[in-house]
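This report goes through a predicted model. It takes up confidence, a helix pair, a loop residue and backbone angles in turn.

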Amino acid sequence: MNDMMGKMRDLLKPWMKGTSPLEIRRAVLDDVESYVIAVGEGKRIFPHNRLRLHLLTPDPDERVRFEAVVREGWDLKREIAERLADRGCPVPAGFDVEVAFDEETHPRFGERRFYVEYLSQEAPAAPATAPAAGSAASATRPLLELTVLKGTATQRVYELEGPRVFLGRLEEVVDPDGRVRRRNDVAFLESGEINSTVSREHARIAWDGESGGYWLRAEQNASGTRIYRAGRTIDVSSNDRRGVRIQPGDEIYLGRACVKVTMQE
């Protein structure tokens, strides 16, 4: 059974056995993400706060190249933290990543050029000081600015200060009896080919003071909700109650319509 699962993984994710720095980096991020644990009610945890990445570099010249890649091209601590945030998983206290270059192979490498040690260490206690202004503890909410890039809405640029933002087609959505079900803060027009791909109740953005961030959640029956970030697409499922944390520069797609995210303190 394990051999079969391994073969399926190799077919679906061929980069897991790749040898180039780009393939190894991608495989490491996928490997780390596989350790995220769902604990119920939309909550997820990552049970390790220290990772040690081992890279197999038996050739001295190759080791020099990989050291340069790790030093100049990779930022695994930040990238892993972003991957965890994408999954709605908080980064553990004291989280850190280190890289070791191994000259000799080891059974844990298997058929790959890397393996990751997942460690857990008690984080040092933080000094008891009053929370600084603008910190997550004080839950300072930045101004959310959404700029329409594709599609036609009632405005091109929306500046939103509230803790919750509704996105959809039409400013006001009513039920068959004419009663108001919802008012969209970002409202696409009824007409237009692109606008027709936006559901009337498509998505919402909500501020979470505990994490200090805005989270995008797809509404039930809304399809095609996703985020384009740094060259990759993140799907937002309506089954995920918490959603995906958004970042400045994100492009949010509602069907074929698109808005760009900016935040101002």
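## Confidence

The average pLDDT of the chain in this predicted model is 84, and 86% of the residues score at least 70. Residues 5–16 have a pLDDT below 50, and this stretch has 13 contacts in the model beyond near neighbours in sequence. Another stretch, residues 134–138, stays under 50 in pLDDT, and the model has six contacts for it beyond four places in sequence.

## Helices α2 and α4

Helix α2 spans residues 21–33 and helix α4 spans residues 76–86; their axes come within 10 Å and cross at roughly 45 degrees. The pair is therefore oblique, since an angle that is neither under 35 degrees, nor over 145, nor from 65 to 115 falls into that class. The crossing of α2 past α4 is right-handed.

On the α2 side the contact is made by R25, L29, D30, V32 and E33, and on the α4 side by E79, I80 and R83. Sorted by class, the contact of α2 with α4 has five charged and three nonpolar residues, with no polar ones.

## F46 and its surroundings

F46 sits in the loop that joins β2 (43–45) to β3 (50–56). Is this residue F46 buried or exposed? F46 counts as buried because its relative accessibility is 5%, and the cut-off for buried is under 20%.

Leaving aside residues up to four places away in sequence, F46 touches V32, Y35, V36, L51, L84, C89, P92, F95 and Y118. One of these, V32, also belongs to the contact of α2 with α4. E33, another α2 residue in that contact, is 13 residues from F46 in sequence, with a C-alpha to C-alpha separation of 8.6 Å.

## Positive phi in two loops

Most residues other than glycine have a negative phi. Two loop residues with a positive value are set out below.

| Residue | Phi | Loop | Relative accessibility |
|---|---|---|---|
| L170 | near 85 degrees | between β8 (164–169) and β9 (172–174) | 24% |
| N221 | near 70 degrees | between β13 (213–218) and β14 (225–229) | 77% |

Neither L170 nor N221 is a glycine. L170 counts as partly exposed because its relative accessibility is 24%, a value between the cut-offs of 20% and 50%. N221 has a relative accessible area of 77% and is therefore exposed, the cut-off being over 50%.

Notes:
Residues numbered from 1 in each chain as written. Predicted model: local features only at pLDDT ≥ 70, side-chain atom pairs only at ≥ 80, totals over all residues. Heavy atoms only, no water. pLDDT = per-residue confidence, 0-100. Contact = heavy atoms within 4.5 Å. Axes fitted to C-alpha atoms, helices over the stretch in contact; angles between N-to-C directions. Helix = DSSP H or I, 4+ residues; strand = E, 2+ residues; numbered from the N terminus. Left-handed = near helix turned anticlockwise from the far one by under 90°. Nonpolar A, V, L, I, M, F, W, Y, C, P; charged D, E, K, R; others polar. Buried < 20%, exposed > 50% of the residue type's maximum accessible area, 1.4 Å probe, protein only.
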